[in-house]
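Me: Please take a close look at the pockets in this structure. I would like to know what space they hold and which residues line them.

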Amino acid sequence: MELALSPDQKLFRTSARGLLEEEHSLDRVREMKDGEPRWSRAWWRRGAELGWAAALVPEELGGGSVSGEGVRDLALLAEELGADVAPGPLIPVNVVLAGLVEAHGQGPDHTAEIEALAAGESIATWAVYGPGREWSPSEPDVTATPVDGGFVLEGAKDRVQDAEQADLLLVTAATPDGVAQFLVPAETDGVSIAPQWTVDLSRSFGEVRFDGVRVGAGALVGEPGAERVVERQLQIAVVIQCAEVTAVLDRAFGMTVRWAFDRHSFGRPLASYQALKHRFADMRTWLEACHATTQAAAAAVQAGGPDAARSVSVAKSFVGQRSLPMLQECVQLHGGLGVTWEHDLHLFLRRAVLDRALHGTPRDHRLRLADLASL
């Protein structure tokens, strides 16, 4: 993010870069095999020690951000991880923490779970998508029926990131009193997880089924009628996504510009041809607009003002719409080299394709903008 960074933020970014270079280079991502764990718990704990899971958590709950603006620190971190299409549960853990912190003080106490997640001792993920459905958290497929002072969960969720490695599942469910969220241990009787294929080589997803899963009243997060908390979680997820994709575009664009200056045709660099200059100018304009909308969204979500939902949907609709054409331009400008397995471009394209589809497509967010504008 093109902000005036404090010394602490610069150190935060540098430490993240060092850990990524040590553990997760692009070559390692390319070499990952089907079924191989995308990241290790030891690696995530090291990241948590650097503050990767603490930015949204108040200090009294074991967290704290380096600048006092946790959302913007998270966006800064997401850019570092996005530039290397790094694996890891950055989005799911922080989205779950956003929900737990937002609901803290309402309903059952989840202080112990918050502290464990912030310290990297536990992993959680958000089970919010209904199987085969578009983004519709207000209409969950899982039902939670009150029984004997607890609840029985029935239904399924898919596209659950890092489902097989998670200790806790934050599940959106329909109750007689409205939409609610439940924190369910992954090892609970009746919970089953099956892996799902994904285009992104560095991430894993799963389908989670709940067959007569009994949970106590203490599993409830906050209270029924959790739309406001779910909205906060969506905003955090989209800010991290957009920051990741903007970093992907930065990396791919810089790589393509260098290639165009290094590659010669008829004795001249490719970058010297007027037709290509126009294409580079268009891409640079899109890239700067992606930066601007993402920064505005991060600032609005950090402030928690009434314009946060609008800013988030503007960012996702623009970044999601422009990222794929820009990356496809980069592939084409590389010529045949751009479509080879050995080149890095397809790794960036895979991440952008996946992020475009999750937590609302650009079309979904344009419809949200129309609703917000009362159109």
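Reply: Here is a walk through two pockets, followed by one residue in a loop. Keep in mind that the model is predicted.

Start with the largest pocket. About 390 Å³ of space lies in it. Its lining is made of 18 residues. Nearest the centre are Asp34, Gly35, Arg38, Gln196 and Ser204. Sort the lining of this pocket by class, and you get seven charged, six nonpolar and five polar residues.

Now the second largest pocket. The space here is about 280 Å³. The second largest pocket has 17 lining residues. Tyr129, Arg159, Leu354, Ala357 and Leu358 lie nearest its centre. Two helices each give at least two residues to this lining: α10 (345–357) and α11 (362–372). The largest share, three residues, comes from α10. By class, the lining of the second largest pocket has nine nonpolar, five charged and three polar residues.

Last, turn to isoleucine 123. Find it in the loop between α6 (111–118) and β1 (124–127). Is isoleucine 123 buried or exposed? Its relative accessible area is 1%, so isoleucine 123 counts as buried, the cut-off being under 20%. Leaving out residues up to four places away in sequence, isoleucine 123 touches Trp39, Arg41, Trp44, Pro89, Val93, Leu117, Gln165, Ala166, Asp167 and Leu168. Take arginine 41 from that list. Along the chain, arginine 41 and isoleucine 123 are 82 residues apart. Their C-alpha atoms are separated by 8.6 Å.

Key:
Residues numbered from 1 in each chain as written. Predicted model: local features only at pLDDT ≥ 70, side-chain atom pairs only at ≥ 80, totals over all residues. Heavy atoms only, no water. 1 Å grid on protein atoms, 1.4 Å probe; cavity = no way out; pocket = protein on both sides within 12 Å on 5 of 7 lines; lining within 4 Å. Points joined across faces, edges and corners; volume = space filled by probe spheres on them. Nonpolar A, V, L, I, M, F, W, Y, C, P; charged D, E, K, R; others polar. Helix = DSSP H or I, 4+ residues; strand = E, 2+ residues; numbered from the N terminus. Buried < 20%, exposed > 50% of the residue type's maximum accessible area, 1.4 Å probe, protein only. Contact = heavy atoms within 4.5 Å.
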